[in-house]
Amino acid sequence: MQATQTLPDAARATIRSEFDRAESADPIVLWWDDGNYLEDVIERACDELGVHLKVAEETPLELRADPVEGKQVWYVPHVKEPEDAEGDYDWFRDVEHTGGEVEMSIEDLTVHAFERGQLDAWELKTATQADDPAKRREIARILHDELTGGQLPTLEQLRTQIVTGGYTDPVAFVLENGWGDIDEGPDTIEQMRSLLTSEGVDAVAGEDEPTGIVTATRRWAVAEWLIHAGVDADRFPGAFRAETAGDHDLPELKSLLNNTTSAGRLADRYLGEAVWPDVVAAVDDPWELADCVVDGALERRLWEEWHASFDAGDYETCLQDAEERYDALLGSEGFRGSYRGAYGPDSPWTRTWKQAEAVARLAHQLETWDEGATDDVVSLYADPDDGTWQIDDAVLSLVVAGEPESDLPVDHPAVGALEDLRTQLQSEYVEYLEALGDLVTDTVEVGAPFVDEDHAYQFFTTESSGLESGQTVALFVIDALRLDLARRLAEELRDHVATLPADAPEFAVDEDVWLGTLPSETEFGKAALTPGEIQMFDVSLVDGELQPLRNNRRVTTSRRESLLGGDGWTVTRETNDGWQSTRVAYFKNDLDDIGEKELSDLEALLARRVDSLAEFIGTKLEQGEWDQAYVLTDHGFVLLPDNASPERISRPTEASDSGRRWIAGEDVDESSPGVLLDASSRLGYLDANVSVLASPLKRFSKQGLGDARFYHGGLLPQEFVLDFISVTQG
């Protein structure tokens with residue numbers, strides 16, 4: 001039964017009725033309240049009736065002051081003979097016989113808001129009465145809020161709110177809060193059971209205790225969603241065979257997840273406990289129920305099925321299944337990044353399936369990367385869509401994601417299993433790097449695979465049109481920006497410029513593959529990124545030391561800055577100093593520093609550094625008036641897993657100079673460790689015999705260098721195939 005009028009409407013009708021019965025032409029109506037819950041209601045009613053209202057602030061005697069003519073309502077905000085009155089003194093004896101007297105509390109007026117003569121309405125008055133002052137205040141607040149707004153409640157909604165303390169849906173209340181703070185007296189238990197059965201929860205009909213009512217309601221709701229997802233209702237006991245009417249009707253739990261602010265708590269409750277294990281075990285294909293995100297029995301069976309498919313090597317099916325389950329647990333993104341219908345991206349239940357998805361994708365990539373036979377190792381590695389650089393990115397992301405399953409119950413099948421899979425994949429990653437190194441070795445020994453590629457030492461000549469002195473240009477030279485990190489950076493820059501204000505300049509972010517200077521170390525890579533004609537740069541053996549040269553002079557840090565300065569560039573390593581120039585070259589070496597210092601959480605530090613670089617570069621683009629900007633790097637790097645065991649090999653006698661991953665000397669030849677780069681390699685700048693290591697597990701001993709996991713200088717694509725980013729205005 002729904003209310004037929006608001007409290008102000010009911011008050012207006014009551015006052016008008018008193019006026020109609022009055023003998024005087026200028027009647028007065030006294031309204032006694034109990035607790036002062038109706039003052040604004042009476043004020044609104046009087047405004048609509050156009051009658052004068054007087055309110056007693058301190059004592060009812062105030063009502064006789066300043067008499068007015070015409071119809072009046074005198075409002076006394078407290079009951080007669082209050083409990084704190086001393087003796088038999090009647091506070092209202094001077095006014096009680098002045099006019100029609102209405103002694104009506106908010107509970108009384110609520111009855112008038114429903115159809116007259118309805119027995120249930122009088123039962124509601126009984127339900128709204130409370131001896132505890134605090135409880136009564138809460139009930140009065142509910143009645144006032146619900147019966148003064150635009151949407152009038154039903155009797156059941158009011159009863160539910162009074163019992164639950166504000167909820168309009170008794171089922172949702174129990175599903176989210178259990179019994180909560182509700183009184184456990186027999187009358188309240190009976191009211192709650194009545195409310196739940198009226199909503200179709202027949203499972204609680206025989207329960208006499210709060211715990212039993214809560215358990216039965218939750219089991220009923222889980223059964224409802226399983227049935228909605230496709231389980232035969234006949235598999236459940238009769239009282240639990242709740243069925244939604246159609247595809248567009250939501251199960252109660254899903255409806256709750258559309259509105260709750262306690263998704264994390266609900267995830268642990270409804271996925272942490274096996275509710276209907278026998279029913280779930282009897283289902284032929286549990287993946288048909290993947291959209292049902294309740295019942296720990298289903299969650300565990302899905303994971304076990306997924307793990308079995310992984311062990312069978314069916315990685316594509318694993319990927320599809322994990323994506324489907326992840327999307328179901330994620331829910332739909334709503335306003336301001338909130339998620340509805342499930343548990344959102346931060347829940348460990350969701351993140352565990354996200355990692356299962358990443359594990360399946362990486363396993364598939366590691367299994368299939370070499371299926372397309374090619375001697376073009378640059379394209380094999382760097383292709384934007386199919387390149388194996390994605391394997392490096394996936395391994396980095398897998399480590400950064402950590403161990404989401406650690407926050408699940410200890411008996412969850414993912415606990416322990418995911419750790420084993422991560423270890424397995426990192427071992428396979430090292431095997432992939434070794435195979436990739438072998439492919440590079442074979443390719444170089446057969447011919448000159450890098451002839452037609454863009455080389456970093458050609459950058460200033462090739463990009464001369466974008467570096468003209470008439471334009472404002474910023475160079476961001478970031479040390480050790482491996483190709484996968486550079487592509488992350490480019491994507492974040494695209495996201496940044498897409499959010500600039502409408503009146504801000506428009507920027508296009510493009511990427512191009514370039515080859516870093518071999519050996520792929522900082523000295524040679526940075527030297528190549530200096531102004532000058534292509535033919536004036538080379539890497540030569542001078543007095544037994546391999547040196548980068550411009551115009552036959554060694555390019556040191558100071559000379560590099562001098563060459564840039566001579567070409568009109570302001571060189572800076574500061575975030576705020578030097579940026580007033582129209583041609584700025586910014587150098588940052590912290591990525592290399594992070595790796596070489598062997599810091600803990602190295603993968604996470606690298607990922608966060610990309611985020612901070614994107615923010616820094618994006619801010620500079622936004623603040624400055626740059627026509628053009630470039631993000632360049634000198635080399636990439638190899639990053640081995642924690643459990644890898646690289647081999648430190650001795651530097652051979654024929655080498656006069658060496659780094660971690662290369663040796664140079666007059667007597668270095670094809671018998672030397674690594675791959676010989678000589679004139680036949682046709683690199684165009686290497687004027688020396690240099691042998692470079694391609695195996696990821698070998699490096700030459702060199703005093704003072706920490707190189708357990710992170711190093712560069714060699715011939716793996718991760719070390720010398722680079723991504724240069726250009727950002728153009730307009």
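Trainee: Which residues line the second largest cavity?
Mentor: Phe 460, Leu 475, Val 477, Leu 529, Leu 564, Phe 587 and Leu 632 line the second largest cavity. A cavity here is a set of points on a 1 Å grid over the protein atoms alone where a 1.4 Å probe fits but cannot get out, and lining residues have an atom within 4 Å of a point. This is a predicted model, in which local features need pLDDT of at least 70, side-chain atom pairs count only at pLDDT 80 or more, and totals for chains, interfaces and linings use all residues. Residues are numbered from 1 along each chain as its sequence is written, and side-chain values use heavy atoms, without hydrogens and water.

Trainee: What volume does that second largest cavity have?
Mentor: Its volume is about 30 Å³, whereas the largest cavity holds about 70 Å³.

Trainee: Which helix gives the largest share of the lining of the largest cavity?
Mentor: H17 does, with four residues. Helix H17 (389-401) and helix H18 (414-446) each supply at least two lining residues; helices are DSSP runs (H or I, at least four residues), numbered from the N terminus.

Trainee: Changing topic, which residues of H8 are buried?
Mentor: Thr 188, Ile 189, Met 192, Arg 193, Leu 195 and Leu 196 are buried (under 20% relative accessible area, 1.4 Å probe, protein chains only). They cover an arc of only 160 degrees around the axis, taken from the directions to the C-beta atoms, so they lie on the same side of H8.

Trainee: And what is exposed on the other side of H8?
Mentor: Pro 186 and Asp 187 are exposed there (over 50%). Just after H8, Gly 200 takes a positive phi of about 95 degrees.

Conventions
1 Å grid on protein atoms, 1.4 Å probe; cavity = no way out; pocket = protein on both sides within 12 Å on 5 of 7 lines; lining within 4 Å. Points joined across faces, edges and corners; volume = space filled by probe spheres on them.
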